[in-house]
Amino acid sequence: MTADRFNQEGFSIRAASPSDLEGLLALYRHLNPSDEPVSRDLAPSRLEAIKQIPGSAVLLGLLHDELVASCSLIVIPNLTRGGKPYALIENVVTDARYRGRGYGTAILQAATEAAWDAGCYKVMLMTGSRQPSTLKFYENAGFEQTKTGFQMRRMAARPDG
């Protein structure tokens, strides 16, 4: 998987492997700084569980081998729409030092392309953020706010949500 539609030299996108976990967990601090991190003992089995779902992956955006962006793509089997699966994108994050340069958009494009390759009929994502810049980011990446989302939580929402 590459960032073919994102032409910045030195930027590539690939699926995470266990050797990426330390950097990935550090990058997640840019997503939810107050969030309890996953334990280093549990992280490898969680990544493996994601990889076992056909079409699913944690995608990494690397700039000259430095991890600058990531998102998780989960492909969900379905019994409607002719059996076509749908996809959920979660944990979209770009290192704060690299925001506004197109890396987050590139990782979303790669995730969407991977979902289409997996035969998905739609790709969904939700954000807890109400910040206009975050909402505009998703709109500029091609996502439309066309549904109403509901949730039940066992953990508090992010402070900016």
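Begin the tour of this predicted model by selecting Leu-88 and Met-124, because these two residues stand opposite each other, with Met-124 lying in strand β5. Now widen the selection to the two strands β4 and β5, and you will find that they run parallel and are joined by three bridges.

Keep β4 and β5 on the screen and add helix α3, since these three elements together make a right-handed β-α-β unit. Strand β4 covers residues 86-94 and helix α3 covers residues 103-117, while β5 covers residues 123-125.

Next, hide the helix and turn to the other neighbour of β4, which is strand β3, residues 66-76. Here the two strands run antiparallel, and seven bridges join β3 to β4. To see one place where they face each other, select Ala-69, which stands opposite Thr-94 in β4.

Two residues in this region deserve a stop for their backbone angles. Select Arg-81 in the loop between β3 and β4, and note that this residue has a positive phi of about 55 degrees although it is not a glycine. The side chain can be looked at as well, for Arg-81 is exposed, with a relative accessible area of 54%. Then move along to Asn-91, whose place is in strand β4 itself, and which also has a positive phi of about 55 degrees without being a glycine. Asn-91 is partly exposed, with a relative accessible area of 29%.

From the backbone we pass to charged side chains. Side chains of opposite charge can pair when their charged atoms come close. How many salt bridges does the count come to? The count comes to three, and each can be visited in turn.

Select Asp-20 and Arg-14 to begin, and display their side chains, which meet in a salt bridge with an N to O distance of 2.8 Å. Is Asp-20 buried or exposed? Asp-20 counts as buried because its relative accessibility is 13%, and the cut-off for buried is under 20%. Its partner Arg-14, at 33% relative accessibility, counts as partly exposed.

Now select Glu-66 and Arg-97, which form a salt bridge in which the closest N and O atoms are 3.4 Å apart. This pair links distant parts of the chain, for Glu-66 belongs to strand β3 whereas Arg-97 sits in the loop between β4 and α3, and the two are 31 residues apart. Glu-66 is partly exposed, with a relative accessible area of 30%, while Arg-97 is exposed, at 55%.

Leave Arg-97 selected and add Asp-95, because the side chains of these two residues also meet in a salt bridge, 2.8 Å from N to O. Asp-95 counts as buried, at 4% relative accessibility. With all of these side chains in view, you can follow a network of salt bridges that links Glu-66, Asp-95 and Arg-97.

The last stop is the second largest pocket, which has a volume of about 780 Å³. Of the 25 residues that line this pocket, select the ones closest to its centre, namely Leu-125, Met-126, Glu-144, Gln-145 and Thr-146. Then colour β4, α3, β5 and α4 (132-140), each of which supplies at least two residues of the lining. If you colour the lining by class instead, you will find 10 nonpolar, nine polar and six charged residues.

Technical notes
Residues numbered from 1 in each chain as written. Predicted model: local features only at pLDDT ≥ 70, side-chain atom pairs only at ≥ 80, totals over all residues. Heavy atoms only, no water. Salt bridge = Lys/Arg side-chain N within 4 Å of Asp/Glu carboxyl O. Buried < 20%, exposed > 50% of the residue type's maximum accessible area, 1.4 Å probe, protein only. Helix = DSSP H or I, 4+ residues; strand = E, 2+ residues; numbered from the N terminus. 1 Å grid on protein atoms, 1.4 Å probe; cavity = no way out; pocket = protein on both sides within 12 Å on 5 of 7 lines; lining within 4 Å. Points joined across faces, edges and corners; volume = space filled by probe spheres on them. Nonpolar A, V, L, I, M, F, W, Y, C, P; charged D, E, K, R; others polar.
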